[in-house]
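Here is a set of short questions with worked answers. Keep the sequence and the coordinates at hand.

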Amino acid sequence: MHQSKMDFFCKLGYGKQDICKVLKNLGQEALEDDVLKELIRMGSKPQALESQAQPSQLKLVARGSCSTTHGGASGLRWLGEDGNDSSDSLRPIVIDGSNVAMSHGNKEVFSCWGIQLAVDWFRERGHTYIKVFVPLWRKEPPRQDNPIADQHILEELEKQSVLVYTPSRKVKGKRVVCYDDRYIVKVAYEKDGVIVSNDHYRDLQNENPEWKWFIEQRLLMYSFVSNRFMPPDDPLGRHGPTLSNFLSKKPVLPEKKCQPCPYGKKCTYGNKCKFYHPERHQAQLSVADELRAKTKVPLAPGKEEERCQRPP
């Protein structure tokens with residue numbers, strides 16, 4: 001029994017001296033829970049925890065050399081030199097909250113649940129910078145002419161520093177609303193991010209030629225299919241980048257696939273043909289070598305010996 005308890009706590013990483021000391025105090029018949037409590041009370045820690053508590057020392061590596069040890073790899077990660085952080089490679093997301101909410105509510109209800117669906121979709125992809133712009137007057141109680149559904153979601157997103165209210169106020173009973181579209185385009189342009197909206201912002205395109213290019217190249221449209229937020233797989237058209245490349249700062253170029261020539265070996269364009277000819281890329285003999293190989297006749301064994309002995 002003593003040996004089994006020793007083996008059990010040694011596997012947990014505790015030292016033999018501490019285990020023997022506790023078993024001597026509590027007796028050989030002490031329960032494992034009591035022994036574990038006594039070890040914790042004494043301040044004994046497993047060796048794995050002690051090694052984690054000690055600060056890891058970074059090893060100096062000569063320039064140009066590669067370190068394959070685990071410590072070297074962890075040092076690179078600690079220094080942030082591996083460049084594999086997904087959040088750094090993804091573009092910031094700026095969502096037109098009013099456009100998304102009205103689209104989810106079939107242009108009849110301001111559905112805050114639609115905003116939550118869009119935010120969750122980008123969070124699952126790994127985006128860390130997500131901002132939603134909504135006019136401030138949407139915090140007011142809903143009215144019959146402006147119904148709002150799931151208004152509590154706006155408060156939750158505001159606490160998470162995701163939702164931003166654009167300013168608005170009342171002057172002599174009339175509401176003065178700032179243009180929230182200008183906030184959306186300006187922040188997305190400064191952050192070099194992506195605008196999520198089905199609006200084309202034509203008025204803002206005419207204001208600034210730089211904004212015009214940015215809106216044309218960085219506008220991500222979407223659809224809602226059965227409470228599912230679905231952006232297109234080809235945001236800029238069939239011949240444009242894929243959705244993953246569109247949302248990435250460092251797009252991955254696809255491998256170039258050569259289209260085979262429809263005429264095959266009957267093609268008369270020669271080297272000027274723009275299509276792929278697999279037979280031309282294989283190792284082939286020249287015409288002269290091919291003719292020599294066809295016309296070469298093997299000599300008889302006797303004659304071959306005479307040819308070898310014949311003086312030059």
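The questions below cover cysteines, cores, rings and a hairpin.

This is a predicted model: local features need pLDDT of at least 70, side-chain atom pairs count only at pLDDT 80 or more, and totals for chains, interfaces and linings use all residues. Residues are numbered from 1 along each chain as its sequence is written, and side-chain values use heavy atoms, without hydrogens and water.

Q: How many disulfides does the structure hold?
A: A disulfide is a pair of cysteine sulfur atoms within 2.5 Å. For Cys267, which is in no disulfide, the nearest cysteine sulfur is that of Cys273, 3.8 Å away. The number of disulfides in the structure is zero.

Q: Is Cys267 buried or exposed?
A: Buried means under 20% relative accessible area, exposed over 50%, and partly exposed in between (1.4 Å probe, protein chains only). Cys267 has 12% relative accessibility, so Cys267 counts as buried.

Q: Which element gives the most to the largest nonpolar core?
A: A nonpolar core is a set of buried Ala, Val, Leu, Ile, Met, Phe, Trp, Tyr and Cys residues joined through side-chain atoms within 4.5 Å. Helices (H or I, at least four residues) and strands (E, at least two) are DSSP runs, numbered from the N terminus. The largest core has 30 residues, of which Ile95, Ile115 and Phe122 touch the most other members. Among the elements giving two or more residues are β1, β3 and α8, and the top contributor, with six residues, is α8.

Q: What is the geometry of the Trp121 and Phe122 ring pair?
A: Rings of Phe, Tyr and Trp (its six-membered ring) pair if their centres lie within 6.5 Å; planes under 30 degrees apart count as stacked, over 60 as edge-to-face and the rest as tilted. The Trp121 and Phe122 centres are 4.9 Å apart, with planes at 85 degrees, so the pair is edge-to-face.

Q: Which residue lies over the face of Tyr129?
A: A charge sits over a ring if NZ of Lys or CZ of Arg is within 6 Å of the ring centre and within 35 degrees of the ring normal. Here the distance from the ring centre is 5.7 Å, and the residue is Lys131.

Q: What is the bridge partner of Ser168 in β7?
A: Two strands pair if DSSP finds at least two bridges between them. Four bridges join the antiparallel strands β6 (residues 168–171) and β7 (residues 174–177). They form a hairpin with two residues between them. In β7, the partner of Ser168 is Val177.
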